[in-house]
Amino acid sequence: MTTTLTVLRAGPMTTVQDWPGRLGYWKVGVPPSGPIDDLSFRLANRVVGNDEGAAGLEVTLAGPALRFDAPAVVAVTGAPLPVTLAGKAVPQWVPLHVRAGDVLDVGAVGALGMRAYVAVAGGLDAEEYLGSRSTFTLGRFGGLDGRSLNDGDLLTVSGTAPEAPRRALFDEQPAFTDHWQLAVTMGPHGAPEFFTPEDVDDILGTDYEVHFNSDRTGIRLVGPQPRWARSDGGEAGLHPSNIHDNAYSVGALDFTGDTPILLGPDGPSLGGFVCPVTVVTAQRWKLGQLKPGDTVRFVAVRSDRTASPTAVGMGRRAYLVDVLSSGGDTDSGVLARSVTADGETSVTYRRSGDDNILVEYGDMTLDLALRARVHALAERIAAEAPHGLIDVTPGIRSLQVKADPDRWSQRSMLTWLRECESQLPSADDLVVPSRTVELPLSWDDPSTREAIERYMLGVRSDAPWCPWNIEFIRRMNGLDSVDDVYRTVFDADYLVLGLGDVYLGAPVAVPLDPRHRLVTTKYNPARTWTPENAVGIGGAYLCIYGMEGPGGYQFVGRTTQVWNHRHPLTSPGFEPEHPWLLRFFDRIKWYPVSADELLDMRADVAAGRGTSTRITEGEFSLAAHRRFLESNADDIAATRTAMELARAEERRRWAAQGEFALAGADRAATELEGKIA
């Protein structure tokens, strides 16, 4: 007999989630989603007798009212709030026996915490997408039609619970407060490379305040502005927080410009900002309970002494408000350094939480040989797929390897990765499939103009890139007119180096010809809204935004979809096996269309009829690319020099406007001009 739940009142944000969520797709920009407070969610399932991963409800701020048409066993866990069953007050953390016709009413969260969880014996039935029932509302998939619950929705129970119900023990229940301590490991980006020692002292010695503009993608914090160890990010952007795009960890403290954001389970997989510390896996449940106005203090811990993330009792130490620590690792997040077998390229192994190692190649420059090395290491790891491996996510010059710390310790992973790296062939041998993918581009599209206007009205009106991003790109690169920006973008062949830069198969790509590499900086602070499939440039990279959301790249236009939302996956141009359009090492080539033509093309793609995408098979050879660079070396150098001089002048303008310290800007400009001379 199927049990049906009628949603009488949905609450402001109630979604279906399962645990551990959607794993294995970080490399194409699909976040894990799942419960942001995994501990309370898993305990709710245990209380009703379910497997820990069974689908249940996540409640934000205030809960739903649910009417049951058959007897059931339910539990409510998480933040303290009032709960009634058939009109009578009932406790949390215990099994509740529901009769047919009863209404379970979950009220509003009180002074402590942010989210609660509802489990039903047997688990909820919901759409499974890429191996999980978890809802990712920004991506519009999972759960109930990829959205939060609405009044009148119907939910069904998918089976029966395999175990008997039981109450949650006291030492299993997490402690709630409004002055939180979060255990963090140092890295991946520490001092003195990126931050000053004083910056690190500030990070570990400050009570940060949780900003109201926070959600499952990330928790924005208010705290001191870093002093920064660098004057800028070089080719990655003018701000010292900018780096060449690398994979992020959930729980990383991501400095987007001067703004710190704790990345959540719906956050981006790839990005170009530094992260000085990372919340350990066993403490990430706390991210789900941080509410606006709460304070957060980061406490450094040793990565080899963190609690087990799979435990739910004493071993998890969640019943303690304070973090017990005798101090953190003293290596600034760098686990090891070495060189490749040929002795030509440095290799840095960075800690990114207790569950990731970020393998980084070479100097902080854009070099396709480094990306080739990343590809070779990823292939080597995938071929063996050791026990405990979860994800392998390439960036521009780095590879993040994620593992279950209870199955594969970071120390063992480091030893194995160093052995794998030593066995790799020369990067010169790289030859990979490389399709030419021609896509339409509506230049300076009205939707991107609207996004800039929203930014100026709601975030910042005096930014150097406002009111027109394309004019800013022209100025940054010393071009004579915005028509030169247009010609450069349409003449370029953009090689896809990463996917998921801003979710859902969104490419981060670079022009193969360095003369086409327009360099900009990213918004600081970031936009709060970006139209789906907007096209922008940040640092030396181009990106297509896979969906609506925040963003920081400078707009040049908009294109058609790079993620297929149709079921089944039947849209022309997309492969039927998966919903993402592009592959690593594809070459994007633009052709111009009007804004109205683009809207028609987007409607066609959404409906699965016709295609505006033209695909030609081919290959990319690193050796052939190097021969091209050598034969055009003089002209490439002259073009790049002129662009760099223009950026030096832009640095001075920024300093005059107070964008960063004048001394740092003058020093960077003087150093650059000295190198050019």
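# Notebook: pocket, rings and an open sheet

**Entry 1, the pocket.** I looked up the largest pocket and read a volume of about 1,000 Å³. The model I am working on is predicted. I then asked which residues are closest to the centre of this pocket. Of the 49 lining residues, the closest are Asp215, Thr217, Tyr503, Gly549 and Pro550. Next I went through the elements that give two or more residues to the lining. They are β14 (218-222), β16 (253-256), β17 (259-263), β18 (270-273), β30 (527-530) and β33 (549-551). The largest share comes from β18, with four residues. I also sorted the lining by class: 23 residues are nonpolar, 13 are polar and 13 are charged.

**Entry 2, aromatic pairs.** I searched the whole structure and got 25 aromatic pairs. I picked out Phe195 and Phe255, an edge-to-face pair with 5.5 Å centre to centre and 65° between the planes. Why does this pair tie together separate parts of the sequence? Phe195 lies in the loop between β12 (179-186) and α2 (197-205), while Phe255 lies in strand β16, so the pair ties together parts that are 60 residues apart in sequence. I checked burial for both rings. Phe195 has 0% relative accessibility, so I count Phe195 as buried. Phe255 has 1%, and counts as buried because the cut-off is under 20%.

I took Trp465 and Trp654 next. Their ring centres are 5.9 Å apart and their planes stand at 55°, so I note the pair as tilted. This pair links distant parts of the chain, 189 residues apart. Trp465 is in the loop between α5 (446-458) and α6 (469-477), and Trp654 is in helix α10 (residues 633-656). Buried or exposed? Trp465 is buried, and so is Trp654.

I also followed ring pairs into a cluster. Its members are Tyr25, Tyr129, Phe136, Phe141, Tyr503, Trp563 and Trp580. I had already met Tyr503 among the residues closest to the pocket centre.

**Entry 3, charges over rings.** I looked for charged ends set over aromatic faces. The charged end of Arg42 sits over the ring of Trp19, 4.3 Å from the ring centre. Arg454 lies over the face of Trp529, at 3.8 Å from the ring centre.

**Entry 4, the sheet.** I traced an open sheet of six strands. The order is β7-β6-β9-β4-β1-β11, and the pairing is antiparallel. Which strands stand at the edges? They are β7 (88-89) and β11 (154-156). Each has a single partner strand, so one side of each is left without a neighbour in the sheet.

I then went through strand pairs inside the sheet. Strand β1 (residues 4-9) runs antiparallel to strand β4 (residues 65-68), and four bridges join them. Here I found Arg9 opposite Ala65 in β4. On to β4 and β9: they pair in the antiparallel sense over three bridges. The bridge partner of Arg67 in β9 is Val103. Strand β6 (residues 83-85) also pairs with β9 in the antiparallel sense, over three bridges. There, Val83 stands opposite Val106 in β9.

I closed with the two faces of β9. Strand β9 (residues 103-106) has a covered face, made by Leu104 and Val106. The uncovered face has Val103 and Asp105. Val103, the bridge partner of Arg67, is thus logged on the uncovered face. Val106, opposite Val83, is logged on the covered one.

Key
Residues are numbered from 1 along each chain as its sequence is written. This is a predicted model: local features need pLDDT of at least 70, side-chain atom pairs count only at pLDDT 80 or more; totals for chains, interfaces and linings use all residues. Side-chain values use heavy atoms; hydrogens and water are left out. Two strands pair if DSSP finds at least two bridges between them. On a 1 Å grid over the protein atoms alone, a cavity is a set of points where a 1.4 Å probe fits but cannot get out, and a pocket is an open set with protein on both sides within 12 Å along at least five of seven lines; lining residues have an atom within 4 Å of a point. Grid points are joined across faces, edges and corners, and a volume is the space filled by probe spheres set on the points. Ala, Val, Leu, Ile, Met, Phe, Trp, Tyr, Cys and Pro count as nonpolar, Asp, Glu, Lys and Arg as charged, and the others, Gly among them, as polar. Rings of Phe, Tyr and Trp (its six-membered ring) pair if their centres lie within 6.5 Å; planes under 30 degrees apart count as stacked, over 60 as edge-to-face and the rest as tilted. Buried means under 20% relative accessible area, exposed over 50%, partly exposed in between (1.4 Å probe, protein chains only). A charge sits over a ring if NZ of Lys or CZ of Arg is within 6 Å of the ring centre and within 35 degrees of the ring normal.
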